[in-house]
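Here are some exercises to work through with the structure open beside you. Try each task yourself before you read the solution.

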Amino acid sequence: IHGRSPPGIMRLLDDTCRSVHSLGSEAADAKFMEKLIGTLAGHEHLMVPQTGSSARNFTIKHYAGDVEYTVDEFCFKNNDNLYVSLVQAMQSSAVPFICQLFPEDLSDNKQAPSTAGTKIRESANFLVQRLSACVPHYVRCIKSNDRKAPLDFNASRVEHQVKYLGLLENVKVKRAGYAYRHFKKVFLARFGQLMPEETPPQSCSELVNWLCNKNPELKKEEFEEGKTKIFVRSPDTIFVLEEMLMKKLDPLAYKEKVKAYKESERLAKQKAGKHSLKPKCLIQ
């Protein structure tokens, strides 16, 4: 889309706008389509159904699916030029935010005005630089259906989202390693509260042994100790520990939580099955 060699779609569009600025919008779009076919016709992520003079459409194979575009008014919209007087008026505003929206340097009259494609490329590059300089965390949301209805599972819709969000690869990486990793002192401070107050745990190994003896659901193979951290393989193990902790520290809140969950489950089943309490999950 924005590559240099070979030039991407946005660079081809900017080049077309500079070279055929005297032509009409329709002729400029046809010239852009001609350059696009001549330069990127064999690209694996580009599909052009027609290659003649009547070609008006092309499809980009994005990671999330194929998107079809029509070149009508591409060049006209890409120019997106404002009169210099309007930019100067905005830059002279007393509101700092308004001035920041127009950072153009008008002192150099020889410099060609930037296009919409150039601004998009610069903005995308700046975003990538910012993301590369930090450690982002993502929350991936999967829609079970497009109707926002409970107990309605559209298998093809979910499969499409899982595939293009790369979730299978994430799950494989997590399963190969450990889902939970934290400092030993943090793990002891939190889950050490499960042991009796008169015999607090002195080490993570002591706590793990006590937990596994107390709850048969927990297996010692799930835990691994390092020099400064403790690792837990499965997230279900952490869920069990958190449930045990809540049950001990706040039994009333735990009972209310279980009661609220059962009630919401009953209402969802009743709504899905009308007057029947049997769940009727629609799988498409």
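**Exercise 1. Find Asp14 and decide whether it is buried or exposed.**

Step 1. Start with the place: Asp14 sits in helix H1. Keep in mind that you're looking at a predicted model.

Step 2. Now check the accessibility. Asp14 has 2% relative accessibility, so it counts as buried; the cut-off for buried is under 20%.

Step 3. Look at what surrounds it. Leaving out residues up to four places away in sequence, Asp14 touches Asn78, Thr115, Gly117, Thr118 and Arg121.

**Exercise 2. Describe how H1 and H2 cross.**

Step 1. What do you need to note down? Two packed helices are described by the angle between their axes and the distance between the axes.

Step 2. Take helix H1 (residues 9-19) and helix H2 (residues 25-40): their axes come within 9 Å and cross at roughly 140 degrees. That makes H1 oblique to H2, because only angles over 145 degrees count as roughly antiparallel.

Step 3. Add the handedness: the crossing of H1 past H2 is right-handed.

Step 4. List who meets whom. From H1 come Ile9, Leu12, Leu13, Asp15, Thr16 and Ser19, and from H2 come Ala28, Lys31, Phe32, Lys35, Leu36, Thr39 and Leu40. Sorted by class, this contact has seven nonpolar, three polar and three charged residues.

**Exercise 3. Work out the strand order and the edges of the sheet that holds S1, S2 and S3.**

Step 1. Recall the basics: strands of a sheet pair through backbone hydrogen bonds, either parallel or antiparallel.

Step 2. Here the order is S1-S2-S3, in an open sheet with antiparallel pairing. Strand S1 (46-47) and strand S3 (65-70) each have a single partner strand, so they stand at the edges.

Step 3. Zoom in on one pair. S1 and strand S2 (residues 57-62) are joined over two bridges, and Met47 has Thr59 in S2 as its bridge partner.

**Exercise 4. Do the same for the sheet with S5, S6 and S7, then find the helix lying across it.**

Step 1. This open sheet of three strands runs S5-S7-S6, and its pairing is antiparallel. Strand S5 (180-183) and strand S6 (223-225) are the edge strands, pairing on one side only.

Step 2. Neighbouring strands in this sheet are turned by 20 degrees against each other on average, direction ignored.

Step 3. S5 pairs with strand S7 (residues 229-232) over four bridges; Tyr180, for one, has Val232 in S7 as its bridge partner.

Step 4. The helix you want is H10 (residues 204-214), which lies across S6 and S7 and runs at about 170 degrees to S6.

Step 5. Stop off at Glu222, in the loop between H10 and S6. At 17% relative accessibility, Glu222 counts as buried. Beyond its neighbours within four places in sequence, Glu222 is in contact with Phe231, Val232, Arg233, Ser234 and Thr237.

**Exercise 5. What is the sign of phi at Glu73, and what is it at Leu151?**

Step 1. Know what to expect: most residues other than glycine have a negative phi.

Step 2. Glu73 isn't a glycine, yet its phi is positive, at about 65 degrees. Leu151 isn't a glycine either, and its phi is positive too, at about 55 degrees.

Step 3. Locate them. Glu73 is in the loop between S3 and helix H3 (74-79), while Leu151 lies in the loop between helix H6 (116-132) and strand S4 (152-153).

Step 4. Finish with accessibility: Glu73 is partly exposed at 40%, and Leu151, at 30%, counts as partly exposed.

Methods
Residues numbered from 1 in each chain as written. Predicted model: local features only at pLDDT ≥ 70, side-chain atom pairs only at ≥ 80, totals over all residues. Heavy atoms only, no water. Axes fitted to C-alpha atoms, helices over the stretch in contact; angles between N-to-C directions. Parallel < 35°, antiparallel > 145°, perpendicular 65-115°, else oblique. Left-handed = near helix turned anticlockwise from the far one by under 90°. Contact = heavy atoms within 4.5 Å. Nonpolar A, V, L, I, M, F, W, Y, C, P; charged D, E, K, R; others polar. Pairing = 2+ DSSP bridges. Buried < 20%, exposed > 50% of the residue type's maximum accessible area, 1.4 Å probe, protein only.
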